[in-house]
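Subject: Structure for your review

Dear colleague,

Please find below the structure I wished to hand over to you. My notes on it come after the structure itself.

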Amino acid sequence: MKIPKIVTETAEKHGLNGVSFVGEYNGARVFIEKGVTDEDGFPVPTGLPVLILLKDGKTEVISGLKALELLDRFE
């Protein structure tokens, strides 16, 4: 799936190098961070997941325990 430009821009704004599509939830497309790498390409520890939801042309960033709870719905 091609990642929409608004999602890519939101990810960059929040310091994420990229995202991948997870699925749909309550009419929103859900994307998860691929991970963050430093300028040399090495992974940087980030902690809890960060999700970006896209619905009606608007993005919402969800992180921490709320993101973990939402990810549980996809299993």
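The notes below go from the whole chain to its strand pairings and then to individual loop residues.

Overall architecture

Please bear in mind that this is a predicted model. The chain holds two helices and six strands. Read from the N terminus, the order of the elements is α-β-β-β-β-β-β-α. The radius of gyration is 12 Å, close to the 11 Å that the globule rule gives for 75 residues, so the chain is as compact as a globular protein of that length. Along the principal axes, the C-alpha atoms occupy a box of roughly 40 × 25 × 20 Å.

Of the 75 residues in the chain, 32% are buried. As for the contacts with a separation of 6 or more, 32% of them involve residues 24 or more positions apart. The accessible surface amounts to about 5100 Å², and carbon and sulfur atoms contribute 50% of that area. With regard to charge, there are 9 positive and 12 negative side chains. The centres of these two sets are 10 Å apart.

Strand β5 and its two partners

Strand β5 covers residues 50-55, and five of its six residues are buried, so this strand is largely enclosed by the rest of the structure. The cut-off behind that statement is a relative accessible area under 20%.

β5 pairs with strands β2 and β6. Its pairing with β2 (residues 28-33) is antiparallel and comprises four bridges. Within this pairing, V30 has L53 of β5 as its bridge partner. Its pairing with β6 (residues 58-63) is also antiparallel, and here the number of bridges is six. Two of the positions may help you to find the register: L51 stands opposite I62 in β6, and I52 stands opposite V61 in β6. When you inspect the side chains here, it may be useful to recall that in a regular strand they alternate between the two faces of the sheet.

The β1-β2 pairing

β2 is also joined to β1, by six bridges, and the two strands run antiparallel. In this pairing, E24 stands opposite R29 in β2.

The two hairpins and their turns

β1 and β2 form a hairpin with two residues between the strands. The hairpin of β5 and β6 likewise has two residues between its strands. Each turn contains a residue whose backbone merits your attention.

In the first of these turns, what is the sign of phi at N26? It is positive, at about 50°, although N26 is not a glycine. N26 belongs to the loop between β1 and β2 and is exposed, its relative accessible area being 57%.

In the other turn, D56 takes a positive phi near 55° and is likewise a residue other than glycine. D56 sits in the loop between β5 and β6. With a relative accessible area of 70%, D56 is exposed.

Loop residues N17 and D38

Two further loop residues complete these notes. N17 is found in the loop between α1 (5-13) and β1 (19-25). Is N17 buried, partly exposed or exposed? Its relative accessibility of 47% makes N17 partly exposed, given that the exposed class begins over 50%.

D38 lies in the loop between β3 (36-37) and β4 (43-44). D38 is partly exposed as well, at a relative accessible area of 28%.

These two loops can be related through their C-alpha distances. D38 and N17 are 21 residues apart in sequence, and their C-alpha atoms are 9.3 Å apart in space. For N17 and E39, the sequence separation is 22 residues and the C-alpha to C-alpha distance is 11 Å.

To restate the main points, β5 is largely enclosed, with five of its six residues buried, and pairs in the antiparallel sense with β2 and with β6. The turn residues N26 and D56 are exposed, and each has a positive phi.

Yours sincerely

Note on methods: Residues numbered from 1 in each chain as written. Predicted model: local features only at pLDDT ≥ 70, side-chain atom pairs only at ≥ 80, totals over all residues. Heavy atoms only, no water. Rg over C-alpha atoms; globule rule 2.2 N^0.38 Å. Buried < 20%, exposed > 50% of the residue type's maximum accessible area, 1.4 Å probe, protein only. Contact = heavy atoms within 4.5 Å. Areas by Shrake-Rupley, 256 points an atom, 1.4 Å probe, with all protein chains shown as cover. Lys, Arg positive; Asp, Glu negative; His and termini not counted. Charge placed at Lys NZ, Arg CZ, Asp CG, Glu CD. Pairing = 2+ DSSP bridges.
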